[in-house]
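Subject: Structure handover and findings

Dear colleague,

Please find below the structure I am passing on to you. I would be grateful if you could read the notes beneath it with the structure open.

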Amino acid sequence: MSRTERMMADLERAFEALDEGRIDDAAAILERCRRIDRKHEDVITLAAAVADARGETEDALEQYRALMALRPDDPMPRICIARLELKDLGDPDAALDTLEEAFEFIDEEADLIEAIFVKAEALLMRDEPKAARETLAELASTAIDNPDLALDLADLSIGAEDIPAAHKWIELARTLTREGDGSAEEKAAFEAEALHTLGRAYEVVDDRAKMIEAWLAVRTHDAKAPAGELTVTDDDVERIAVATLEELPENIREKLKAVPILIDDLPSEDIVKDGWDPRILGLFQGTPMPDDASALPAVTNIQLFRKNLERSAVDEEHLAAEIRITVLHETAHYFGLDEDDLVQLGLD
């Protein structure tokens, strides 16, 4: 077997490793391939994909631009550049400009779907829901055969204020999942995701009864779901919460002494029936401090929901950060701050 043939076989294995999430294995193969021919188009494609998967934005952009120069008629590098410009650099204008170039060369349905998706996200970032709706309307449901993508499109449709479209994508996602090959456990987990999105769609149109119905079903699914790979004990949550409170000034800590932090697995059914999202990470219950003097006596506490915190994080460091930010968020509510205040403080 020639060096080139070995390289091509290695490239195939590397892309399989990336598909399976084995990024380090793909990176090791990339180095072998680079020693043979670092300027080969497929080696550059692999280099871009590895950098992208590792979150190395500048390197990924450099590789995609090199690939774009080698393949000027290929829309894929431009679409990937636009995605990075939007998601990593937070520049929707640059992303839209890049996509306009990509659309000139798109002739594959998969490329069209991804380009439309990124374009709609960019338009929403620019606060242009009408333009986002018009962009998403270009997609036919018959072109979508992936339930995760269908549910992502439902999320985008909610952001674009197109609730009928959101319902369409949610129903498609549920249908594809029911007819798919996944295990019963996987299907149940996806059904919970779909119902949660459905509840959010009803929330937008202020259909409180249907929102609560959907979210109670989500809570039932979540209560039955097995523990994920990332778990934390009540003691760990309490330890991080207490450490977070220790960061606050002494006069603030003094005022919080009468406010206990309670830890539950999930919000109770009664909390959900009150209209709260079953996947909230924490909740302040009671009378905010500025109103204490005139308010009727009320139980005041901060609740943290362990299973929801676990679900929100990708690793232990992220989980600790989520617990910390949730404690600060709910503490801020005790001091009378509203959601706009929390956004300004970075606690949304």
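The notes that follow deal with salt bridges and then with the largest pocket.

Please bear in mind that this is a predicted model.

Salt bridges

In total, the structure holds 30 salt bridges. I would draw your attention first to Asp 10, which takes part in a salt bridge with Arg 13 and also in one with Arg 32.

In the pair with Arg 13, the closest N and O atoms are 2.5 Å apart. Both Asp 10 and Arg 13 belong to helix α1, which spans residues 3–19. Three residues separate them along the chain, about one turn of the helix. As for accessibility, Asp 10 has a relative accessible area of 8% and is therefore classed as buried, the cut-off being under 20%. Arg 13, by contrast, is partly exposed, because its relative accessibility of 43% falls between the limits of 20% and 50%.

In the salt bridge between Asp 10 and Arg 32, the N to O distance is 3.1 Å. This pair connects distant parts of the chain, 22 residues apart: Asp 10 sits in helix α1, and Arg 32 sits in helix α2 (residues 23–37). Arg 32 is partly exposed as well, with a relative accessible area of 35%.

Two further items may be of use to you. Glu 246 and Arg 253 form a salt bridge through their side chains, at 4.0 Å from N to O; the contact stands at the cut-off, since a salt bridge requires the two atoms to be within 4 Å. Arg 253 is partly exposed, its relative accessible area being 27%. In addition, a network of salt bridges links Glu 41, Asp 42, Arg 71 and Asp 74.

The largest pocket

How much space lies in the largest pocket? The volume is about 590 Å³. Its lining consists of 22 residues, and those nearest the centre are Ala 225, Pro 226, Ala 227, Gly 228 and Arg 311. Three elements each give two or more residues to this lining: α11 (184–204), α12 (208–224) and α16 (306–312). Of these, α11 gives the most, with six residues. Sorted by class, the lining of the largest pocket comprises eleven charged, eight nonpolar and three polar residues.

With kind regards

Notes
Residues are numbered from 1 along each chain as its sequence is written. This is a predicted model: local features need pLDDT of at least 70, side-chain atom pairs count only at pLDDT 80 or more; totals for chains, interfaces and linings use all residues. Side-chain values use heavy atoms; hydrogens and water are left out. Helices (H or I, at least four residues) and strands (E, at least two) are DSSP runs, numbered from the N terminus. Buried means under 20% relative accessible area, exposed over 50%, partly exposed in between (1.4 Å probe, protein chains only). On a 1 Å grid over the protein atoms alone, a cavity is a set of points where a 1.4 Å probe fits but cannot get out, and a pocket is an open set with protein on both sides within 12 Å along at least five of seven lines; lining residues have an atom within 4 Å of a point. Grid points are joined across faces, edges and corners, and a volume is the space filled by probe spheres set on the points. Ala, Val, Leu, Ile, Met, Phe, Trp, Tyr, Cys and Pro count as nonpolar, Asp, Glu, Lys and Arg as charged, and the others, Gly among them, as polar.
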